[in-house]
Amino acid sequence: MRIGVLTGGGDVPGLNAAIRAVVKRAEMEYGHSMVGFRNGWRGVVEGEIIPLTREDVRGILPRGGTMLGTARYHPHKNDGGIEGVLSTLEAERVEALVCIGGDGTLKAAHKVAQAGVKVVGIPKTIDNDVEGTDLSIGFHTAINIATEAIDRLHTTAESHNRVMIVEVMGHTVGWIAVNAGMAGGADLIITPEEPFDIEEIARFIRRRHRSHANFSIVVVAEGAEPAEGTGMQFSTQTDDKGRIIAGSIGERLMIELRERTGFDTRLTVLGHVQRGGTPSPTDRILGSRFGIAAVDALSAGTFNVMTAVRGESIVLVPLEEIAGRVKQVPDELVEVARALW
Ligand code: F6P
């Protein structure tokens with residue numbers, strides 16, 4: 001079989017581990033020939049194709065980013081996009097696709113599958129919001145980076161008696177905020193799942209500083225918003241493409257908390273640092289396991305599914321069950337985090 005692989009959406013550490021596993025499994029176990037599409041779905045539509053052999057993926061395991069490049073382009077949202085995918089696959093004699101991506105890329109994979117293409121998806125996103133899988137590639141590395149940042153902020157917060165706001169990624173979910181916040185010992189965690197009351201937060205900080213602490217660490221996900229009628233007017237700031245402008249909620253919180261508590265307050269926006277650099281061992285292993293499972297599925301004639309991890313096992317989930325859905329942080333985990341504030 002001739003199989004194509006692509007990476008779409010925001011990059012994450014661990015994509016190269018998945019590409020390497022796909023290529024090695026396809027070539028060494030099944031004798032398939034592999035090609036890579038550059039720059040996500042756009043590269044498929046525009047026929048940006050490169051051959052991929054074992055030699056080409058040598059040495060990429062510890063490298064962050066993606067050797068194939070990526071793009072935020074969805075064929076089903078662009079005129080002629082799906083037709084473009086079909087004609088490139090036919091012209092290049094590509095019989096099946098492995099699509100590595102987050103919610104947008106996997107939704108596109110589902111649309112392309114509905115148009116008759118044999119597709120297997122692999123979930124990646126530092127946001128960890130892909131439905132149907134316990135983990136997506138990149139999330140583990142991101143919480144390592146965010147936890148280290150929170151650890152480092154503790155010592156400077158304590159030295160200066162400051163309130164430190166740490167803004168992490170997560171436009172619709174607070175997986176990084178809750179996990180890194182818990183691991184880093186944050187004093188408050190604010191997520192998009194639960195709109196916040198600014199006065200309640202200010203009260204919490206005032207009480208904390210009165211009773212036992214001289215500093216506070218507040219972790220906020222970039223998509224967090226105040227609850228209606230709680231005295232703070234703010235809607236998530238977005239650019240002309242509808243993407244969140246990093247730092248906007250963090251900056252607003254810094255100003256509000258400074259005014260409402262009187263404490264010296266500073267903001268750290270972690271931004272794309274959370275997506276950069278070398279993948280953690282967990283993400284390398286997860287990417288490798290997903291890559292192998294994807295090629296095994298295609299080789300066994302199982303299509304239109306996504307690889308997923310559930311507990312200790314890698315399983316296959318129908319794309320139609322996960323496409324367009326978002327996995328939120330469960331209340332139970334939020335409660336555990338809150339018990340530690
Ligand atoms: O979807 C992953 C993500 O990292 C979000 O958390 C963040 O809002 C967004 O990507 C940033 O995207 P861009 O790479 O377009 O700046």
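The ligand sits in the largest pocket. Keep in mind that this is a predicted model.

Let me start with the fold around that site. The domain assignment splits the chain in two. Domain 1 comes in two segments, 2-138 and 279-322. Domain 2 runs 141-275. Their C-alpha centres lie 34 Å apart. Where they touch, the contact takes 13 residues from domain 1 and 13 residues from domain 2.

Now the ligand. Which domains supply its shell? Both do: at least three residues come from domain 1, and at least three from domain 2.

Here is the roll call. R72, I126 and D127 are around the ligand. So are M169, G170 and H171. Then come E222 and R243. H272 and R275 complete the list.

What is the chemical mix of that shell? Five residues are charged, three are polar and two are nonpolar. The nonpolar pair is I126 and M169. The charged group is R72, D127, E222, R243 and R275. That leaves G170, H171 and H272 as the polar ones.

On to the polar contacts, with three to show. At E222, a side-chain N or O atom is 2.5 Å from an oxygen atom of the ligand. At D127, the side chain again takes part, and the distance from its N or O atom to a ligand oxygen is 2.8 Å. G170 works through its backbone: a polar atom there is 3.4 Å from an oxygen atom of the ligand.

How much of the ligand does the protein bury? Taken alone, the ligand exposes 400 Å². The protein buries 79% of that.

To recap: the ligand is in the largest pocket, and its shell draws on both domain 1 and domain 2.

Terms used: Residues numbered from 1 in each chain as written. Predicted model: local features only at pLDDT ≥ 70, side-chain atom pairs only at ≥ 80, totals over all residues. Heavy atoms only, no water. Near = heavy atom within 4 Å. Polar contact = N/O pair within 3.5 Å; in protein donor to acceptor, adjacent residues only side chain to side chain. Areas by Shrake-Rupley, 256 points an atom, 1.4 Å probe, with all protein chains shown as cover. 1 Å grid on protein atoms, 1.4 Å probe; cavity = no way out; pocket = protein on both sides within 12 Å on 5 of 7 lines; lining within 4 Å. Sits in = over half its atoms within 2 Å of the grid points. Nonpolar A, V, L, I, M, F, W, Y, C, P; charged D, E, K, R; others polar. Domains from an automatic or database assignment. Contact = heavy atoms within 4.5 Å.
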